[in-house]
Every structure is written in structure tokens, then in C-alpha cells.
Amino acid sequence: MRRSNVITCFVLALTLLALLAGCASSNSQICVRDPLERPEMRFDDTAHRDLFDDHVYFSKEATSGGQGVGGGGCGCN
Amino acid sequence: MQLKKLRPIGEALTAVTAVLVGSSPAGGAGLNQSETSLLIYSESNRVRATEAMFSLEKRMQSGDLLGLRFTYDGLTGASPTGESPSKRAQTVTRPSGGSRTVVPAGEIPTDDGFADTRFALDASLSRTVSFGTDISGGIHLSREHDYKSVGLSGSITKGLDSTMTSLGISVSINRDAIKPIDGVPTEFASTTAEVEEDEYGRRITNGGRNKNVVDAAISLTRVLSPRVLARIGYSLDYAAGYLTDPYKVISVVQPADGEDPGEPVEALFEKRPDRRIGNAVSCEIRTYTLGLFTESEYRFFWDDWGVTSHTAYLAIKLDMHEIGAIRPHLRWYHQNRADFSRPFLLQGEPLPEYVSADSRLAKFDAITSGVSYMVPTSPQTKLSLTLEWYSQRGDRSPPEAFGPLLAFSLFPDLDAVMLRAGIIHDF
């Protein structure tokens with residue numbers, strides 16, 4: 001098996017594991033939400049990190065988008 | 001089972017809604033925030049870039065949230081031009097300036113004449129118009145030596161009652177103008193073709209070109225449990241205008257029955273379609289279990305250029321309280337090539353309608369691995385450091401390769417190191 005395939009399987013397995021871990025504890029209640037108030041549980045807590053990532057991937061890959069980087073610059077190199 | 005003391009339902013709903021719409025609960029800590037970050041990006045023997053960013057979020061007396069962001073980045077170095085390697089040293093013309101350089105045998109030609117700086121300014125204003133409903137609008141300006149961009153954006157996020165779900169819709173419109181260093185090249189023209197010069201021997205530039213970009217996204221965020229938050233989304237990207245890269249070319253090589261098979265004879269400027277419609281669907285989940293935060297995301301992209309991609313992202317954050325938090329993360333990316341992506345053209349064959357040898361439109365896999373360390377330096381200030389490695393590996397011998405070209409790597413592998421530092425200050 002090629003090295004890239006091994007890495008691919010590893011990443012997908014870890015992602016699946018994380019998704020399953022999340023779903024396993026799914027039990028919607030409305031009372032206790034302390035973890036949800038942590039910044040890590042917000043989708044907008046990583047502004048600069050996301051912007052740096054978007055700029056790098058916009059310049060090096062072909063499928064960035066949807067994150068408002070349309071005007072992110074030339075990305076020519 | 002009651003885990004902790006219960007809070008009033010209204011307070012709990014306010015917190016949940018704040019999480020979903022991304023605004024701080026009224027009276028919460030950190031009404032204002034500044035963030036300063038620096039990125040150093042370095043490819044081995046190629047591009048080096050430094051990017052600095054400063055942003056400020058200030059809660060106005062009216063309750064509106066004002067956001068300002070300044071960005072600077074500068075880059076230098078070499079970038080693959082799209083040309084094929086040769087079995088002997090070849091003299092190539094830089095697409096970014098017309099000067100000539102000698103490329104050693106077997107190496108993929110690069111244009112080492114890149115040096116650019118970019119300044120960008122973003123401003124936004126967000127307002128809570130009713131309980132659970134936020135709207136925001138923003139402007140974007142950016143300028144670099146050969147590129148300008150002006151944009152407007154708007155979004156609305158609405159909490160859907162007590163269903164613990166929120167809906168987000170955002171739209172951005174950008175008008176970009178590109179004015180290449182040596183003028184807009186004629187598509188399919190040879191890089192060595194005669195060009196008009198003024199009385200001082202300078203190239204007469206062929207003006208500039210524009211493109212319009214519209215991004216629209218819709219997302220649904222839902223609290224699945226007190227420890228699990230999920231978001232699904234769809235985005236549509238529409239671009240029209242000059243989408244060709246003026247600095248990319250494609251080699252014309254001798255055919256298999258030629259005198260010197262596979263040898264480049266000239267390089268032509270590429271040509272891409274003047275419209276592109278891209279779509280993406282994504283699913284993101286954040287969890288908090290046993291003291292560990294996890295972020296996992298999957299995204300699928302497809303467009304009318306024939307490009308598809310899969311992206312998977314996983315991060316785990318371990319909070320060690322006073323001594324900080326550590327966050328290893330991994331991103332995997334796979335991309336299939338565009339319909340008009342080709343490594344080279346054959347001498348004597350008819351020119352296609354569109355063609356590009358840009359490796360970014362080719363088939364490849366990319367892996368980003370890294371680790372972040374975050375530590376509070378005061379009750380209001382948090383420092384973060386991130387080190388990442390990015391590598392791209394493509395098809396070294398694509399299906400079109402033949403004869404002597406099979407001995408070369410036709411994909412310019414990429415390895416980069418990224419170092420990020422940032423400070424967030426609440427006040």
C-alpha cells in the first residue's frame with residue numbers, strides 16, 4: 001500500500017472516530033451547557049487561523065472558496 | 001441524571017443562542033478584543049512569505065460590534081511556470097517579466113522573479129436585531145503590485161427558537177482587477193514572441209483585466225448534546241472575467257515520432273475559461289469529551305471545470321489549564337485535475353480551446369500536520385504558537401507522459417513549513 005494511502009486511511013479513521021465519539025454522547029438537553037460556552041465550541045473562534053489557512057490553500061490549491069476569499073489577492077504563486 | 005446545577009432556562013437559551021449565532025452573551029467577559037498574528041511561510045528552495053494581521057473588535061455603545069482588520073503580506077521566491085523539464089539545460093523566458101534564465105537539465109522551470117507585497121483592509125459591523133438574530137455587513141479592500149480587489153459582504157444568522165438550531169446565510173461580492181507586471185499576455189502566444197516596445201525599449205503593456213467573484217453560503221448549526229455541536233453547509237462560488245493566470249505557461253514538446261521526443265521546443269501562455277462555478281458541501285463537528293476538545297470536518301468540492309476535491313480535518317485540543325493547551329491537528333486534501341489541465345502540448349497538434357499546466361489544477365494529494373500551543377499570559381491575554389508542515393505530492397508521470405519524459409518528475413512536489421504566532425487580548 002502506498003504511503004499516501006496509509007496516511008489517507010489513518011486520517012479518515014481518526015475523523016470517523018471523532019465523529020462517532022461525538023454522536024455517542026448525543027443526548028439533547030437544554031439545561032447544562034457549560035462546554036458549549038467555551039470558545040473552542042464556537043465556529044468563529046479562529047478568525048486569524050482560518051484566514052491564514054485560507055490564504056495558503058487559496059494560493060496552493062484549486063478548490064478554496066466559500067470562505068469569502070474571493071478578493072484574497074492574486075494567488076498567482 | 002443531573003450533572004450540575006441547573007440554570008434558568010432563559011439564561012441557558014441565551015448562552016446556546018450566543019454559541020449558535022457567534023455573539024457574546026450580553027454582559028459576558030471580553031466585550032472588546034484585539035488579535036495580532038504573524039505567519040512565516042517557507043517552501044524549500046521556492047516561495048517565502050511573511051504575513052501579519054491585526055484585528056480589533058469593539059462593542060459600541062449602541063450594542064453593535066465593529067470589526068477592523070489590517071493585513072500585510074510580502075513574498076519572494078520562485079514558482080513553477082508550468083513548463084516541462086528537459087534532458088539538457090534549457091533557457092526559458094520568465095512569464096513575469098520577459099527576462100531569461102537557465103534551468104538545469106531534468107529540473108522543472110521556475111520563475112524566480114516574484115516579489116510582491118499586499119495590503120488589505122476589512123471592516124465590518126454586526127448588529128443583534130432581535131433575540132437570536134444577528135446581521136452584519138462588511139467591506140474589503142486589498143492592493144498588491146499587480147492586483148486590486150474591492151468587495152462587499154453581508155450575513156444573517158438566525159436562531160430557530162428553542163430547537164437549538166441556527167441558520168446562517170452569507171454573501172460576498174468582489175471586483176478584482178489584475179494588471180500583470182509585463183502586461184496581459186496573449187493567450188497561446190509564445191513567451192519568446194516579439195512584443196511591442198516603446199521608444200525606450202520597454203514593453204508596451206496590454207492593459208489589465210477584471211473579474212467578478214460572488215460567494216454565497218448557507219449553513220445550519222445545531223446543538224446535538226451539551227457536548228456536541230454540529231454544522232452543515234453549502235457554498236456556491238461564481239467567478240466571471242479574466243481567470244487565466246498571466247504568469248503560467250505550457251511547454252510544447254516534440255512528439256514521440258519527433259527528432260528529439262519529449263524535448264520542449266517553446267512555451268505558450270495558458271488559457272482558462274472565463275467563467276467558473278464551484279460548489280462545496282461540508283460537515284463540521286465539535287465535541288468536548290473527557291477533557292478533550294475535538295474538531296472534525298469534511299468538505300467536498302466540485303465545479304464546472306471538472307475539478308473535485310475532498311478535504312478532511314481533525315484537531316484535538318488538550319487543555320492543561322495554567323500551563324496552557326496543546327492542539328495537534330491534521331488535514332488531508334485530495335484533488336482531481338481540471339478538464340483542461342495537461343502537463344504539455346505536442347508539437348504539431350491543434351491547440352485546444354483551453355489549457356493549463358498549472359500544477360494547482362492537476363491531480364495531487366496534500367497533507368498538513370501541525371501542533372499549536374496556547375497559554376494565557378494574563379487573565380485577559382492569550383498567546384498561541386503553531387508549527388505546521390505542508391506537503392503536496394502529485395502524479396510524477398501523468399498519463400500523457402511518454403519516452404524520455406517518463407524519466408522526469410512532471411509534478412513539482414511542494415514542501416513548506418509554516419510558523420504562526422498570535423496574541424489575543426480581551427479588554
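This briefing covers cores, a helix, strand pairing and selected residues in a two-chain model.

The model is predicted: local features need pLDDT of at least 70, side-chain atom pairs count only at pLDDT 80 or more, and totals for chains, interfaces and linings use all residues. Residues are numbered from 1 along each chain as its sequence is written, and chains are lettered from A, and ligands numbered from 1, in the order in which they are written. Chain A has 2 helices and 0 strands (helices are DSSP runs of H or I of at least four residues, strands are runs of E of at least two, both numbered from the N terminus). Of the 77 residues in chain A, 44% are buried (20 or more other C-beta atoms within 10 Å of the residue's own; exposed means 12 or fewer, partly exposed in between; C-beta atoms are placed from the backbone).

**Nonpolar cores**

- The largest nonpolar core holds 26 residues. A nonpolar core is a set of buried Ala, Val, Leu, Ile, Met, Phe, Trp, Tyr and Cys residues joined through C-beta atoms within 7 Å.
- Y41(B), V307(B), L361(B), A416(B) and M418(B) touch the most other members of this core.
- Both chains contribute: α2 (47-60) of chain A and β1 (33-43), β2 (48-59), β17 (325-335), β19 (364-378) and β21 (414-426) of chain B each supply at least two residues of this core.
- The largest share of this core, 4 residues, comes from α2(A).
- M418(B) is in contact with L39(B), Y41(B), E388(B) and Y390(B), leaving aside its neighbours within four places in sequence. Contact requires C-beta atoms, placed from the backbone, within 7 Å.
- A second, separate core has 12 residues, including V252(B), V253(B), F269(B) and V355(B).

**Helix α2 of chain A**

- The 14 residues of α2(A) should span 20 Å at 1.5 Å a residue (the expected span is 1.5 Å times one less than the number of residues). The end C-alpha atoms of α2(A) are 20 Å apart, which agrees.
- Buried positions in α2(A) are H48(A), L51(A), F52(A), D53(A), H55(A), V56(A), Y57(A), S59(A) and K60(A).
- The buried residues of α2(A) pack against four strands of chain B: β1, β2, β20 (381-394) and β21.

**Strand pairing around β1 of chain B**

- Strands of a sheet pair through backbone hydrogen bonds, either parallel or antiparallel.
- β1(B) and β21(B) are antiparallel, over 11 bridges (two strands pair if DSSP finds at least two bridges between them).
- Q33(B) has D426(B) in β21(B) as its bridge partner.
- β1(B) also runs antiparallel to β2(B), through 10 bridges. There, L38(B) is partnered by A52(B) in β2(B).
- β1(B) and β2(B) form a hairpin with 4 residues between them.

**A three-strand open sheet in chain B**

- The strand order of this open sheet is β13-β12-β18, with mixed pairing.
- Its edge strands are β13 (264-269) and β18 (345-346), each of which pairs on one side only.
- β12 (residues 249-253) runs parallel to β18(B), joined by 2 bridges. V252(B) has L345(B) as its bridge partner in β18(B).

**Buried polar and charged strand residues**

- R331(B) lies in strand β17 of chain B. R331(B) counts as buried because 20 C-beta neighbours lie inside 10 Å.
- R331(B) touches T311(B), Y313(B) and T368(B), not counting residues up to four places away in sequence.
- The C-alpha atoms of R331(B) and A312(B) are separated by 5.7 Å, with the two residues 19 apart along the chain.
- S384(B) sits in strand β20 of chain B. S384(B) has 21 C-beta neighbours inside 10 Å, so S384(B) counts as buried.
- Leaving aside neighbours within four places in sequence, S384(B) is in contact with S372(B), Y373(B), M374(B) and G422(B).
- S384(B) and A280(B) are 104 residues apart along the chain, and their C-alpha atoms are separated by 30 Å.

**Loop residues with positive phi**

- N45(B) is found in the loop between β1 and β2 of chain B. Its phi is positive, about 65°, although N45(B) is not a glycine.
- N45(B) is exposed because 11 other C-beta atoms lie within 10 Å.
- L290(B) is found in the loop between β14 (275-289) and β15 (292-303) of chain B. The phi of L290(B) is near 55°, a positive value in a residue other than glycine.
- L290(B) counts as exposed, with 8 C-beta neighbours inside 10 Å.

Technical notes
Contact = placed C-beta atoms within 7 Å.
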